Amino acid sequence: MANHPPETETMVAITPRHWLAQLAKREQRKLMWAAVWGVLSGGQTVILVVGLAWLIDQLVITGRSPSSLVPVFIGLAAVVLLRSLFQALQESCSAQASLRIRQYARQALLDKIAALGPVWLTRQQSGALATQSVEHIEVLDGYFARFHPQLRIVVALPLLILCVVGWLDYFVAIFLLLSAPLIPLFMALVGMGAERLNRDQFMAVSRLSAHFIDRVRGMTTLQLFGHTRAAQQDVWYATDHYRRLSMRTLRLAFLSSAVLEFFASVAIAVVAMYVGFGLLGYIDYGPSPALTLFSGLAVLLLAPEFFQPLRTLSQHYHDRAAALGAAESVVTILNEPSRVPSSPVFPLSSEALIELEGVAIRYAERAAVLSDVNVTVLAGDVVVITGESGSGKSSLLALMAGFMAPSRGECRFDAEAPVAWLDQAPCILQGSLADNLRIAAPNADDTALTSALKQAGLGELLASLPQGLETTIGERGVGLSGGQAQRLALARVYLSQARLVLLDEPTASLDAATESVVIQSLLEWAQEGRTLVMATHHPAVMAVAYRHFECRSGHLIEVTA
């Protein structure tokens, strides 16, 4: 069974808006109920406002005693409690929906990063990826918890208020209906600029994170060459650029709120003037002669409530712009074509572990690294791959490990056979020697760990350490030399039970004495029945191989003795 080359796969690119819409569909029910509770809460506000206007009219105009209106006071108090309940339900539903959406979005992003494979990861900056998977996903909270439900509330609640106002005074209802579209229009105009600024801001913070982490990791080198002050200045410039972008975004957000408040205030002021002049008898057309204290006060109190959903939407409009900016950085990764085989692949023959037939390896916007590769690796083989730097040795090992798929041809391998991989830059984690070794064998005891270190040529180093296996080493092998870090990674491979071992320059950074120890251990692996495939330049490693391939002029050629 062969994997499909990436070029034959068709993948529709996801846009930020489409991705946000897809996420919203996952929690459509919760988000709908959040909007329903929000409308019901606004409905209680309408009842409260109309009830207060009626109470004032009864007390001032009709002259009823407060004691006779006690049931109405109790009813309005119940309305206040009911409104608080509906608001709590709205916030609870929207918060739950937002949490689930963010959990799914983060998992989808991490799954995509894992599917893109280690080869893709080597070309990325870990600081930027960390920012995208944590901060950019968290930015979606405001969009789904506040803005998305408010989009539905802003349609339903003003219509409800408009109907009540129209029942009281249709002239005010017409005026509110005419003034309402101006606010979303100017919000949209301001929002387009905010969206662009937020996109630039998120790109800036990703670059800043990557920039800072790179400088921290290279601090030792910078100190050795006396460039720490220049590096500090570079970080300061990047930080100041991010500060300027943040301030521009905030200024635009305040501008959108000011635009809404201006038009809403003008509309409310006109309604207040109409009610005042109508009650004084200066306006005698339309429904004006029928104005009473109750109807005039009610429409005057309802006018701000008519614009309140739009005010709330304006407050959260920045959340939309921020979410679109964050989504654009995330979908950039989601739209990356996968270079890892998508399905388990098995060998054609019982003795073969790997079979490559007509395989080509190509990276984006580059010519093919290797073409027309035909190789069969049998169980128990000791294979070396040689060639100039950049000729495709490491790419070929990554292909055999299943870290990438060929751009053309068929790659068949036993997906059930465990594989051990050793890169040119081994991954050493912050922790003890034992912690780093148990990555390969979590249940290994101290005796097995010590034996693995001795096989890798680290026996003398272990004996000289006061804390032995519990000695702490830093990330990327801080505290060890380059050769010691390489041998620690080799010891990790010794502990694994992998049948197929892929080694990229296994004796790099080793002296001659240690190299001979490592080569002897590699031969012992072969005698145990393990299959070794090594990319190397070292003649001593080439001498112990059973088969020798050379990457030459874009082709893989088997060298015979």
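## Pairing in the six-stranded sheet

Two strands count as paired if DSSP finds at least two bridges between them. In this predicted model, strand β3 meets that condition with strand β9 (residues 531-535): 4 bridges join them, and the two run parallel. One matched position is V382, whose bridge partner in β9 is L532.

β3 (residues 382-387) also pairs with strand β10 (residues 547-552). This pairing is parallel and spans 5 bridges. Here I385 stands opposite F549 of β10. Strands of a sheet pair through backbone hydrogen bonds, either parallel or antiparallel.

The whole sheet is open and has 6 strands, in the order β5-β8-β9-β3-β10-β11. Its pairing is mixed. The edge strands are β5 (419-422) and β11, each of which pairs on one side only. On average, neighbouring strands of this sheet are turned by 20 degrees against each other, direction ignored.

## The β10-β11 hairpin

β10 pairs with strand β11 (residues 555-559) in the antiparallel sense, over 5 bridges. H548 of β10 faces V559 in β11 as its opposite number. The two strands form a hairpin with 2 residues between them. In this hairpin S553 takes a positive phi, near 55 degrees.

## R547 and its contacts

R547 sits in strand β10. Its side chain makes a polar contact with the side chain of D381, at 2.9 Å. A polar atom of the R547 side chain also lies 2.7 Å from the backbone oxygen of T376.

Which residues does R547 contact, leaving aside neighbours within four places in sequence? They are T376, V377, L378, D381, V382, V383, V384 and E558. V382 is thus a contact of R547 as well as the bridge partner of L532.

## S391 after strand β3

S391 lies in the loop between β3 and α11 (393-400). Is S391 buried or exposed? Its relative accessibility is 14%, so it counts as buried, because the cut-off for buried is under 20%.

A polar atom of the S391 side chain lies 2.6 Å from the backbone oxygen of E388. Not counting residues up to four places away in sequence, S391 touches V369, L370 and C551. C551 falls within β10 (residues 547-552), while V369 and L370 fall within β2 (368-378).

## The three-stranded sheet and α11

A further open sheet has 3 strands in the order β2-β1-β4, with antiparallel pairing. β2 (368-378) and β4 (408-413) stand at the edges. Each has a single partner strand, so one side of each is left without a neighbour in the sheet. Neighbouring strands of this sheet are turned by 15 degrees against each other on average, direction ignored.

Strand β1 (residues 352-362) is joined to β2 by 7 bridges, and the two run antiparallel. V359 stands opposite V373 in β2. Helix α11 lies across β1, β2 and β4. Its direction is at about 130 degrees to β1.

## Annotated transmembrane regions

An unreviewed UniProt entry lists residues 31-56, 68-86, 151-168, 174-194, 252-277 and 289-307 as "transmembrane region". In the model, residues 31-56 are 100% helix and 0% strand. The end C-alpha atoms of that span lie 38 Å apart. Residues 68-86 are 89% helix and 0% strand, with their end C-alpha atoms 29 Å apart.

## Helices α6 and α10

At the start of helix α6, a side-chain oxygen of D169 comes to within 3.0 Å of the backbone nitrogen of F171. Which residues of α6 (residues 170-179) are buried? They are V172, A173, L176 and S179. These residues cover an arc of only 135 degrees around the axis, which puts them on the same side of α6. An α-helix has 3.6 residues a turn, so residues three or four places apart point the same way.

A322 belongs to helix α10 (residues 293-334). Its relative accessible area is 10%, so A322 is buried. The C-alpha atom of A322 is separated by 8.1 Å from that of Y143. Along the chain, these two residues are 179 residues apart.

Notes. Residues are numbered from 1 along each chain as its sequence is written. This is a predicted model: local features need pLDDT of at least 70, side-chain atom pairs count only at pLDDT 80 or more; totals for chains, interfaces and linings use all residues. Side-chain values use heavy atoms; hydrogens and water are left out. Buried means under 20% relative accessible area, exposed over 50%, partly exposed in between (1.4 Å probe, protein chains only). A polar contact is a pair of N or O atoms within 3.5 Å; within protein, one must be able to donate a hydrogen and the other to accept it, and residues adjacent in sequence count only if both atoms are side-chain atoms. Contact means heavy atoms within 4.5 Å. Axes are lines fitted to C-alpha atoms, for helices over the stretch in contact, and angles run from 0 to 180 degrees between N-to-C directions. UniProt positions are given in the numbering used here, feature names are shortened, and annotations may be inferred rather than shown by experiment. The arc is that of the directions from the helix axis to the C-beta atoms.
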